[in-house]
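Reader: Take a close look at the aromatic side chains for me, and then follow them into whatever surrounds them. Cut-offs included, please, since I'll want to check them.

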Amino acid sequence: MAQVHPTAVVHPDAQLHDTVEVGPFSVIGPKVRIGAGTRVGPHVVIEGRTTLGARNRVFQFSSLGAAPQDLKYAGEDTELVIGDENQIREFTTLHIGTAGGGGVTRVGNRNLFMASSHVAHDCVVGNGCILANSAALGGHVVVEDHVIFSGLTAVHQFTRVGKHAFVAGGAMVVMDVPPYCMAQGDRAELVGLNTVGLERHGFTEAQIGRIKEAYKILFRSKLQIAEALARLKAEFGGQPEIDHLVEFISQSKRGLTR
């Protein structure tokens with residue numbers, strides 16, 4: 001049986017793996033499922049149709065699966081799905097989705113949500129991301145893998161942030177941030193490439209060199225975006241890191257942070 005503190009309130013319909021731990025005064029609702037090895041601290045509320053995978057750690061005063069802060073939400077049975085090995089620190093809030101946004105807020109694996117961070121309805125967060133203290137994602141935001149948001153950053157609804165991007169402290173992101181880039185300011189602007197992050201994740205010198213050249217073509221030449229993308233395809237087509245960059249930019253609907 002799961003180790004549930006006597007003061008915790010766990011609905012009998014909740015599904016907890018036998019190795020789950022639940023701390024004092026926490027509340028777990030009837031549609032919650034929690035996987036092996038997950039530890040839920042004291043004073044945590046997990047409600048809604050919320051699924052946590054294995055070996056997550058949820059710290060005190062977090063709120064998972066609450067109704068979205070969207071006036072259009074009418075009580076529909078939507079979801080929050082969280083993967084494995086995430087750390088969810090104090091006062092973090094992650095909300096279920098809405099019918100209009102696909103119905104699911106989805107979080108991947110091995111992410112760190114620092115104190116008071118927020119993930120709104122219908123967001124998709126990849127793997128290995130960090131949201132520092134008080135970072136906030138508006139509804140429908142898509143975050144790819146290994147993105148870092150520094151403290152007090154905010155991301156506008158429907159914005160995308162590409163993999164290995166770095167968003168500096170206090171930035172207000174209102175347009176898509178391309179992969180591998182650093183953004184800062186209000187409103188956020190690109191200030192270069194996240195070369196330190198790329199090196200830490202095993203990118204080779206050749207790969208980083210191609211990314212640097214792609215950045216120059218995209219943002220420091222006088223080419224229109226369509227022309228720049230065509231040039232990247234011609235010069236670097238078949239290189240996975242450049243192909244992903246081209247695809248990300250090609251699919252942008254809000255426009256790019258420049």
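Author: Sure. Searching the whole structure, which is a predicted model, turns up three aromatic pairs; rings of Phe, Tyr and Trp (its six-membered ring) pair if their centres lie within 6.5 Å, with planes under 30 degrees apart called stacked, over 60 edge-to-face and the rest tilted. One of them is Phe61 with Phe91: the ring centres are 5.2 Å apart and the planes at 10 degrees, so this pair is stacked. It links distant parts of the chain, 30 residues apart, with Phe61 in the loop between β10 (57-58) and β11 (63-66), and Phe91 in the loop between β13 (87-88) and β14 (93-95). Those labels are DSSP runs numbered from the N terminus: helices (H or I) need at least four residues, strands (E) at least two. Phe61 is partly exposed at 41% relative accessible area, and Phe91 is also partly exposed, at 48%. For the scale, buried is under 20%, exposed is over 50%, and partly exposed is in between (1.4 Å probe, protein chains only).

Tyr180 and Phe203 also pair up, but edge-to-face, at 6.0 Å centre to centre and 70 degrees between the planes. Distant parts of the chain meet here too, 23 residues apart: Tyr180 is in the loop between β26 (172-173) and β27 (181-184), Phe203 in the loop between α1 (195-200) and α2 (205-219). Tyr180 is buried, with a relative accessible area of 1%, and Phe203 is buried at 16%.

A bit of bookkeeping: local features need pLDDT of at least 70 and side-chain atom pairs count only at pLDDT 80 or more, while totals for chains, interfaces and linings use all residues. Numbering starts from 1 along each chain as its sequence is written, and side-chain values use heavy atoms, with hydrogens and water left out.

Rings also come with charges on top. Arg89 lies over the face of Phe59, 3.8 Å from the ring centre, and Arg160 does likewise over Phe248, at 4.0 Å. To count, NZ of Lys or CZ of Arg has to be within 6 Å of the ring centre and within 35 degrees of the ring normal.

Arg160 and Phe248 lead on to Asp176, which touches both of them, as well as others including Phe158, Ser252 and Leu256, not counting residues up to four places away in sequence; contact here means heavy atoms within 4.5 Å. Asp176 sits in the loop between β26 and β27 and is buried, at 2% relative accessible area. Its side chain reaches the backbone nitrogen of Arg160 at 2.9 Å.

Phe248 falls within α4 (240-250), and that helix is part of what covers the buried residues of α3, along with α2. Those buried residues are Ala228, Leu229, Leu232 and Phe236. They cover an arc of only 100 degrees around the axis, which puts them on the same side of α3; the arc is taken from the directions from the helix axis to the C-beta atoms. Ala226, Lys233 and Ala234 are exposed on the other side. As for length, the twelve residues of α3 (residues 225-236) should span 16 Å at 1.5 Å a residue, and the end C-alpha atoms are 16 Å apart, so the two agree; the expected span is 1.5 Å times one less than the number of residues. After α3 comes Gly238, with a positive phi near 95 degrees.

Conventions: A polar contact is a pair of N or O atoms within 3.5 Å; within protein, one must be able to donate a hydrogen and the other to accept it, and residues adjacent in sequence count only if both atoms are side-chain atoms.
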